[in-house]
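Student: I would like to learn how to read a protein model. Could you walk me through one, feature by feature?

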Amino acid sequence: MRQGSAPNFCPPVEEGITLELEDERGERVSLEFLGLIIHHDRRYGFFYPLDEGAQAGDSGEVVLLEVTELDDDGQPSAFELVQDEGIAAEVYADFRQATKDLYDFE
C-alpha cells in the first residue's frame, strides 16, 4: 500500500482501485482512485481517467471530485465535480504536497 506524507491524505488501500461513474452527459467514465485529501472538513478524491487501452497516468490529467455522501462503512459513495477554481487549486496543492514522493507532477 502506498503512503502519503501528510496527515490529511488518505491513500488507496491497494493500487488499481477503479470506479465507474456516470458523467453529466450520462456517459460512463472509468477512473482510477489516487487518494483522498481532507481540506477544511471536506473530502476530495483524486482520480486518473482510464481510456480503453491506456494506463493510469498516461494523459497526465487528474480529476478532482468532492465526496458528497458516505456509505454505512464511512466510505465515499457519491461525488461531484469541484466547480470553485480557488478551492480546486488549494486542494490540488495539498494533494501535490502529500503525494510528492508517489507521483511525478512535472
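**Reading the strands and salt bridges**

Tutor: Let us begin with one pair of residues: Gly45 stands opposite Leu65 in E5. Keep in mind that this is a predicted model, where local features need pLDDT of at least 70, side-chain atom pairs count only at pLDDT 80 or more, and totals for chains, interfaces and linings use all residues. Residues are numbered from 1 along each chain as its sequence is written, and side-chain values use heavy atoms, with hydrogens and water left out.

Student: How many helices and strands are there in the protein?

Tutor: Helices (H or I, at least four residues) and strands (E, at least two) are DSSP runs, numbered from the N terminus. Here the protein has 1 helix and 6 strands, in the order β-β-β-β-β-β-α from the N terminus on.

Student: In which sense do E4 and E5 pair?

Tutor: Two strands pair if DSSP finds at least two bridges between them. Strand E4 (residues 42-50) and strand E5 (residues 63-70) pair in the antiparallel sense, over 4 bridges. E5 also pairs with strand E6 (residues 76-81), again antiparallel, over 5 bridges; there, Leu70 stands opposite Pro76. E5 and E6 form a hairpin with 5 residues between them, and Gly74 in the turn has a positive phi of about 80°.

Student: What should I look for in a salt bridge?

Tutor: Side chains of opposite charge can pair when their charged atoms come close. The criterion is a side-chain nitrogen of Lys or Arg within 4 Å of a carboxyl oxygen of Asp or Glu. The structure holds 4 salt bridges. One of them joins Arg42 and Glu66 at 2.8 Å, N to O. That pair links distant parts of the chain, with Arg42 in strand E4 and Glu66 in strand E5, 24 residues apart.

Student: Are Arg42 and Glu66 buried or exposed?

Tutor: Buried means under 20% relative accessible area, exposed over 50%, and partly exposed in between (1.4 Å probe, protein chains only). Arg42 is partly exposed because its relative accessibility is 46%, whereas Glu66, at 17%, counts as buried.

Student: Which residues do shared salt-bridge partners join into one network?

Tutor: Glu20, Glu22 and Arg28 form that network. Within it, the closest N and O atoms of Glu22 and Arg28 are 3.7 Å apart, and Glu22 counts as exposed at 53% relative accessibility.

Student: And what share of the whole protein is buried?

Tutor: Buried residues make up 28% of the 106 residues.
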